[in-house]
Amino acid sequence: MYLVNGIASTTIDVADRGFQYGDGLFETIEIFNRQAVFLEQHLQRLQTGCARLYLPTPDTKLLVSEINKVCTFAPVMGQAVVKLILTRGAGGRGYRQPDIIEPTRVISLHPFPDYPDSYPQQGVIARFCHTRLGLNPALAGIKHLNRLEQVLARAEWSDPGIQEGIMLDMNDHVIEGTMSNIFYVKNNVLYTAQLTQSGVAGVMRQIIIGLCTQNKLAVIEHHYTKADILSADEIFFSNSIMGIWPVRQIEGSPFSVGPISRQIQQWLARSKFAGVGVAA
């Protein structure tokens, strides 16, 4: 199911700047029982991205209405995924923005990934990627459409036994996974990357930091290296679809699924249902 500017369609103008230049943003939202999970947080991040890219912010009620419309095609008792894409709309050749911007919005419904239960329960295997993230404070944090670095990084392996790749920036700082944010625990303190130069500030990352703050678990955002993460007590990945995946191995180095990862999974499970359809 696809809606393009509110109309059922799979057609986009070939002059659309999202296609021409990656000039836009996107959100990937979990659907549970035909309702969007943490919808308010996703729409807030979209608004932040619009401000950074000087994109007109779409009407929230309109977006919620269209998301709810595609959700009627989701399983009644089950999960699905909604992808929301917002571009600057059609424009002429060249980088200059049109004088009048008419954004394109695409909302689509997709099956929920068939991830094994072992991933959140027993952990996953990861590797370090050779592809590096560039440094760009103007784009750091937002979920813009230019994702070639992640595409190249994910193309580095085809082994189904490896579930995620860890990406570093040009300064050798660990930033994120190819499709996730990454956290590690050391001496009962939770650490994650400082996303001021590169990386995506995931909605699930924001929620995890908020849950830890509420529950008096210290969280530190900082620049760290391979050596820091390989000496961690616990490591986990997060995004809005996977939730939390503990790491059990990185390139031969074993890790345990520790108590703090388990505690955050429990906090998240409780908050998830409170965050269903908030903006609706």
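Start with strands E10 (181–186) and E13 (234–239): they run antiparallel and 5 bridges join them. Keep in mind as you click around that this is a predicted model. For one rung of that pairing, select Asn 181 and look across to Ser 238 in E13, which stands opposite.

Stay on E13 and add E14 (243–250). These two pair in the antiparallel sense as well, over 4 bridges, and they form a hairpin with 3 residues between them. Pick Phe 237 and you'll find its bridge partner in E14, Trp 245.

Now colour E13 by accessibility. Which of its faces are covered? Both. On one side sit Glu 234, Phe 236 and Ser 238, on the other Ile 235, Phe 237 and Asn 239, and every one of them is buried. That makes 6 of 6 residues for the strand.

Next stop: Ser 180, in the loop between E9 (174–177) and E10. Buried or exposed? Its relative accessibility is 6%, and the cut-off for buried is under 20%, so Ser 180 counts as buried. Show side chains here and draw the distance to Glu 164: the two side chains make a polar contact of 2.7 Å. Leaving aside neighbours within four places in sequence, Ser 180 is also in contact with Phe 237, Ser 238, Asn 239 and Met 242.

Two of those contacts lead on to pockets. Take Asn 239 first: along with Phe 26, Lys 143, Thr 178 and Met 179, it lies nearest the centre of the largest pocket. Put a surface on this one; the volume is about 650 Å³ and the lining runs to 29 residues. By class, they divide into 10 nonpolar, 12 polar and 7 charged. Elements supplying at least two lining residues include strand E3 (24–32), helix H2 (39–53), E9 and E13. Select helix H5 (148–154) too, since H5 gives the most, with 3 residues.

Then follow Met 242. Together with Pro 120, Gly 243, Ile 244 and Lys 272, it lies nearest the centre of the second largest pocket, which is lined by 24 residues. Helix H4 (118–122), E14 and helix H8 (259–274) each give two or more of them. Which element has the largest share of this lining? Select H8, with 5 residues. The volume here is about 560 Å³, and the lining has 14 nonpolar, 5 polar and 5 charged residues.

How values were computed:
Residues are numbered from 1 along each chain as its sequence is written. This is a predicted model: local features need pLDDT of at least 70, side-chain atom pairs count only at pLDDT 80 or more; totals for chains, interfaces and linings use all residues. Side-chain values use heavy atoms; hydrogens and water are left out. Buried means under 20% relative accessible area, exposed over 50%, partly exposed in between (1.4 Å probe, protein chains only). A polar contact is a pair of N or O atoms within 3.5 Å; within protein, one must be able to donate a hydrogen and the other to accept it, and residues adjacent in sequence count only if both atoms are side-chain atoms. Contact means heavy atoms within 4.5 Å. On a 1 Å grid over the protein atoms alone, a cavity is a set of points where a 1.4 Å probe fits but cannot get out, and a pocket is an open set with protein on both sides within 12 Å along at least five of seven lines; lining residues have an atom within 4 Å of a point. Grid points are joined across faces, edges and corners, and a volume is the space filled by probe spheres set on the points. Ala, Val, Leu, Ile, Met, Phe, Trp, Tyr, Cys and Pro count as nonpolar, Asp, Glu, Lys and Arg as charged, and the others, Gly among them, as polar. Two strands pair if DSSP finds at least two bridges between them.
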